[in-house]
Amino acid sequence: MSQDIPSSVRAPATGPAMRFADKALVLQGGGALGAYQAGVYDALSVRVKDLEWVVGVSIGAINAALIAGNEPGQRVARLREFWDLVSSAPGQQLPAGTGNRLLLNQWSATSAVLFGIPGFFKPRVDPTLLLGGAAPVTSYYDTTPLKATLERLIDFDRINHGDMRLSVGAVNVRTGNSVYFDNRTQKIGPEHIMASGALPPGFPPVHIDGEDYWDGGIVSNTPLQYLLDTHVRTEPLVALQVDLFSARGTMPQTLSEVAQRQKDIVYSSRTRMNTDALSANVNLQQAVVDLIAKLPARLRDDESVELLRAQMNHAPIDIVHLIYRNRPYDLDSKDYEFSRATVREHWEAGVRDMRNTLAHPEWLESATENGVTTFDLTEPDALRVRRPTLDMRVGGKARQPKTPT
């Protein structure tokens, strides 16, 4: 964390100072909603100067690559350039005050379907599409414009030689398995970013080293598990997870609202389920380590027990959870509604929510020596902290929540 944090928010001596922990940004897929993530980073970059890792899927992979592939002082400008580009078509630039906002947003989404999005994708002109499901093509759109955009806005040499780690998730079409492309293990190019966002049947698969890949969100829309699986267990971690679909919502009253609500539930339930399951798993492992510490020395020092302890022990992990909340003008097409007005609103919402998060210093502290704590600070003036319900004692100190869960 940047060194301008005042002493009043520093962690107490009873636990490790999470401002010195490894810091990762975890970005979910969600199409046009990704402008919210850009706004989050815009506000985050003012305070956090030592972000070590960005992990993304789909539009999150594009935002992640724009961050990792540019100098710190240029990252927000490159994000803004990308989002201005994809909202620059005539159908996306109608002023918000020129008519009914819902109708304007619907026209923007329809325009994207009919004419594509500048610098992103264009309709595939192929007469065989008239055959419907029998058409010998693998997508409705051509994403070659995205390749040119990525090559122009991202320094891939910097990604492959820079200090920031970049990981993007995709799905192998042939095996159906989730795959992560990581600049710590391979050379990353625009094709890897495109593969992460190749959502069928709209976009074609991307061919890389003899295999074809689709959008990573098909298997898991949130790459938190990869982060926790590959992070060094002995190092404390702060993960800022930015999700684009909210589990909470009102009862739908129209078919459009039904479609939107269904989409939110599908993607957000995966996110919450995965986050809860991963947190519970890590905390259960830590409970086993706590139990091992209470064994008699002759059992505790056994080689197999020591191996088990080493595999299960974790430094503290704090997951700060930001979730985009639906706005009054959102439609079921919100993930492909790229109007300039909506993109700006999403960006501003990300800035506002991140500033609210930074106003709560609790996530910079750790009252425990290990385990997972999750923070949800999206709602103004509302801090929700979720800690394990087990009374896990580590180093003779009881784990106690600082606020109600």
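These legends describe close-up views of a predicted model.

**View 1. Helix α1 is largely enclosed by the rest of the structure.** The helix spans residues 35-47, and 11 of its 13 residues are buried. The buried set is Ala-35, Tyr-36, Gln-37, Ala-38, Gly-39, Val-40, Tyr-41, Asp-42, Ala-43, Leu-44 and Ser-45. Strands β1 (22-27), β9 (237-243) and β10 (317-323) are among the elements that cover these residues. The cover also includes helices α2 (59-68), α3 (75-85) and α12 (340-358).

**View 2. Ser-58 and Asp-215 are listed by UniProt under "active site", in an unreviewed entry.** The two residues are spread over 158 residues of sequence, yet they cluster in space. Their largest C-alpha distance is 5.9 Å. The lining of the largest pocket includes both Ser-58 and Asp-215.

**View 3. Ser-58 sits in the loop between β2 (53-57) and α2.** Its relative accessibility is 12%, so Ser-58 counts as buried; the cut-off is under 20%. Leaving aside neighbours within four places in sequence, Ser-58 contacts Gly-29, Ser-196, Gly-197 and Asp-215.

**View 4. Asp-215 belongs to strand β8 (residues 211-215).** Asp-215 counts as buried because its relative accessibility is 4%. Not counting residues up to four places away in sequence, Asp-215 touches Val-57 and Ser-58. Its contacts also include Ala-170 and Val-171. Ala-195, Ser-196, Gly-197, Ala-198 and Leu-199 complete the list for Asp-215. Ser-196 and Gly-197 appear in the contacts of Ser-58 and in those of Asp-215.

Methods. Residues numbered from 1 in each chain as written. Predicted model: local features only at pLDDT ≥ 70, side-chain atom pairs only at ≥ 80, totals over all residues. Heavy atoms only, no water. Buried < 20%, exposed > 50% of the residue type's maximum accessible area, 1.4 Å probe, protein only. Helix = DSSP H or I, 4+ residues; strand = E, 2+ residues; numbered from the N terminus. Contact = heavy atoms within 4.5 Å. UniProt positions renumbered as here; feature names shortened; annotations may be inferred. 1 Å grid on protein atoms, 1.4 Å probe; cavity = no way out; pocket = protein on both sides within 12 Å on 5 of 7 lines; lining within 4 Å.
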